[in-house]
Amino acid sequence: MNQNRTAVVTGAARGIGAATAQRLSKDGYAVAIVDLDEAACEVVASAIREAGGSALGVGIDVMDAEQVRAGVARVADELGAPVVLVNNAGIIRDNLIFKMSESDWDAVINVHLRGAFLMTKACQAHMTTEKFGRIVNLSSSSAQGNRGQANYSAAKAGLQGFTKTLAIELGKFGVTANAVAPGFIQTDMTAATAERMGVSFEDFLAHAASQTPVQRVGQPEDIAAMISFLCSQEAGFVSGQVIYVAGGPLD
């Protein structure tokens, strides 16, 4: 079904992004692996190609409008029109509000929101032409508020409003937009949080699992599976939704 269709995944050099790129490749998409470091992108892309898929590593700073324009044009030229976009690129600069610097606020807001805006604007032109598109934005359970994450929580909540507006504007062109909001996922990012808090990652994982109804932490593949569904042909009547994938009830 997805033969000759192209997907773009940002922040795809590791973690949830890499798992999503690999899952979409298994689903039949040609996949553009987008991240800051093109060499890191190419590691994931070559693994996909070795497994029989079609993939391209593209170095893009998603905050840079010209890099986004050029990078998406390259994807269209080398892989085909990008009709699936997963806006996964993100950073954390955690601190309590009275200690948070303006630069840490701006960096987090810009990567998540400006980055998603620029990538979506570039890719939706191809989707509306093709009369088919799937946009999935990565939110987070932190959108509901999380101590030390005023910037990240605001960005992830902002992506939910962005998603719902995209669904309204682009639906008539056969384009859906949804957000996936992970709970605690075992990644390099959560390992960095544990380090910042001065606790071992093993203890951090064990505590997170104990607070989760299914009694385990999430894996990148758990999120990739939901994204896979939302990008499918069958998900064409699901749009403007925020789906928490968190091992328990959040809304």
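How many bridges join strand β1 to β4, and in which direction do the two strands run? In this predicted model, strand β1, which spans residues 6–10, is joined to β4 by 4 bridges, and the two strands run parallel. Within this pairing, V8 has L85 of β4 as its bridge partner.

Strand β4 also pairs with strand β5, which comprises residues 133–138. Here, too, 4 bridges are found, and the strands run parallel. One of the contacts involves V86, whose bridge partner in β5 is V136. Strand β4 is therefore joined by bridges both to β1 and to β5. As for its surroundings, β4 is mostly covered, with 6 of its 6 residues buried. Together with helix α4, the strands β4 and β5 make a β-α-β unit, and this unit is right-handed.Charged side chains provide a further set of contacts. The structure holds 8 salt bridges. In one of them, E38 is paired with R74, and the closest N and O atoms of the two residues are 3.4 Å apart. Because E38 lies in helix α2 (residues 38–50) and R74 in helix α3 (residues 65–78), this pair ties together parts that are 36 residues apart in sequence. Both partners have intermediate accessibility: E38 counts as partly exposed at 34% relative accessibility, and R74 is likewise partly exposed, its relative accessible area being 26%. The contact also belongs to a wider arrangement, as E38, R74 and E78 are linked in a network of salt bridges.

A second salt bridge is formed by the side chains of R196 and D94, with an N to O distance of 3.1 Å. This pair links distant parts of the chain, 102 residues apart: R196 belongs to helix α6 (residues 188–197), whereas D94 is in the loop between β4 (82–87) and α4 (102–130). The surroundings of the two partners can be described separately. R196 is partly exposed, at 47% relative accessibility, while D94 is buried, with a relative accessible area of 10%.

A further salt bridge is found where the side chains of D222 and R216 meet, at 2.9 Å from N to O. D222 has a relative accessible area of 26% and is partly exposed. R216 is also partly exposed, with a relative accessibility of 42%.

The cysteines were examined next. A disulfide is a covalent bond between the sulfur atoms of two cysteines. The structure holds 0 disulfides, and the distances between sulfur atoms show why for C41: the closest cysteine sulfur, in C123, is 14 Å away, which is too far for a bond. C123 is in no disulfide either, since the nearest cysteine sulfur, that of C231, lies at 12 Å. For comparison, a disulfide requires the two sulfur atoms to be within 2.5 Å. Both C41 and C123 are enclosed in the structure in the sense of being buried: the relative accessible area is 0% for C41 and 0% for C123.

Technical notes. Residues are numbered from 1 along each chain as its sequence is written. This is a predicted model: local features need pLDDT of at least 70, side-chain atom pairs count only at pLDDT 80 or more; totals for chains, interfaces and linings use all residues. Side-chain values use heavy atoms; hydrogens and water are left out. A salt bridge is a side-chain nitrogen of Lys or Arg within 4 Å of a carboxyl oxygen of Asp or Glu. Buried means under 20% relative accessible area, exposed over 50%, partly exposed in between (1.4 Å probe, protein chains only). Two strands pair if DSSP finds at least two bridges between them. A crossover is right-handed if, with the strands pointing away from the viewer, the path from the first strand over the helix to the second runs clockwise.
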